[in-house]
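Got your viewer open and the cartoon on? Let's walk through this one together, one selection at a time.

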Amino acid sequence: MDPEKLYDIVYLQGLCPQCGGPVKELDKDTSSGRDIRLYHCGKCEWSDSIDVGIALWKALSSEKDS
Ligand SMILES: [Zn+2]
């Protein structure tokens, strides 16, 4: 599945792309400057990390630079 679709279904709608069940956010990693979140579905055991955009701290610091 393409990342944009995953972003929409999982991040915006909070649904599992495989079974349509609710997903849970397990982890969040912004150390790379991107906001990467790990999602997991308890129903079908689907799990993936989704890049949801630039991390907040990165967005704020680049705003300061310009
Ligand atoms: Zn599922």
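The tour starts with the whole chain and then goes into the sheet, the hairpins, a helix and the core.

**Stop 1: the whole chain.** Keep in mind that this is a predicted model. Colour by secondary structure and you should count 2 helices and 3 strands. Follow the chain along its sequence and the order reads α-β-β-β-α. Along its principal axes, the C-alpha trace spans about 45 × 20 × 15 Å. Of the 66 residues, 8% count as buried. As for contacts between residues at least 6 apart in sequence, 30% join residues at least 24 apart.

**Stop 2: the sheet.** Now select the strands. They form an open sheet of 3 strands in the order β1-β2-β3, with antiparallel pairing. β1 (23–29) and β3 stand at the edges with a single partner strand each, so one side of each has no neighbour in the sheet. Look along the sheet for the twist, which averages 30 degrees from one strand to the next. If you want to show hydrogen bonds here, remember that strands of a sheet pair through backbone hydrogen bonds, either parallel or antiparallel.

**Stop 3: β1 against β2.** Zoom in on this pair, which is antiparallel over 6 bridges. Which residue in β2 is the bridge partner of V23? Select C41 and you have it. Then pick K24, which stands opposite H40 in β2. Side chains shown as sticks help at this point, since in a regular strand they alternate between the two faces of the sheet. Before leaving, visit the hairpin that joins these strands: it has 4 residues between them, and G33 takes a positive phi near 95 degrees there.

**Stop 4: β2 against β3.** Slide over to residues 34–41 (β2) and 47–54 (β3), another antiparallel pair with 6 bridges. Select L38 and look across to S49 in β3, which it stands opposite. The hairpin of β2 and β3 has 5 residues between the strands. Click on E45, in the loop between β2 and β3. Its phi is near 70 degrees, a positive value in a residue other than glycine. That is worth a second look, because most residues other than glycine have a negative phi. Is E45 buried or exposed? It counts as exposed, because it has 10 C-beta neighbours inside 10 Å and the cut-off for exposed is 12 or fewer.

**Stop 5: helix α1.** Select residues 3–12. This is helix α1, which lies across β1, β2 and β3 and runs at about 100 degrees to β3. Pick out Y7 in this helix. Leaving aside residues up to four places away in sequence, Y7 touches L12, I50 and V52. Draw a C-alpha to C-alpha distance from Y7 to S49: the two are 42 residues apart in sequence and 9.9 Å apart in space. Y7 has 15 C-beta neighbours inside 10 Å, so it counts as partly exposed.

**Stop 6: the core.** Last selection: V10, C16, V23, Y39 and C41. These 5 residues make up the largest nonpolar core. Centre the view on V10 and show what surrounds it. Again not counting residues up to four places away in sequence, V10 touches L15, P17, V23, Y39 and I50. Two names should be familiar from Stop 3: V23 and C41 are bridge partners, and both belong to this core.

Note on methods. Residues are numbered from 1 along each chain as its sequence is written. This is a predicted model: local features need pLDDT of at least 70, side-chain atom pairs count only at pLDDT 80 or more; totals for chains, interfaces and linings use all residues. Two strands pair if DSSP finds at least two bridges between them. Axes are lines fitted to C-alpha atoms, for helices over the stretch in contact, and angles run from 0 to 180 degrees between N-to-C directions. Two residues are in contact if their C-beta atoms, placed from the backbone, lie within 7 Å. A nonpolar core is a set of buried Ala, Val, Leu, Ile, Met, Phe, Trp, Tyr and Cys residues joined through C-beta atoms within 7 Å. A residue is buried if 20 or more other C-beta atoms lie within 10 Å of its own, exposed if 12 or fewer, and partly exposed in between; C-beta atoms are placed from the backbone.
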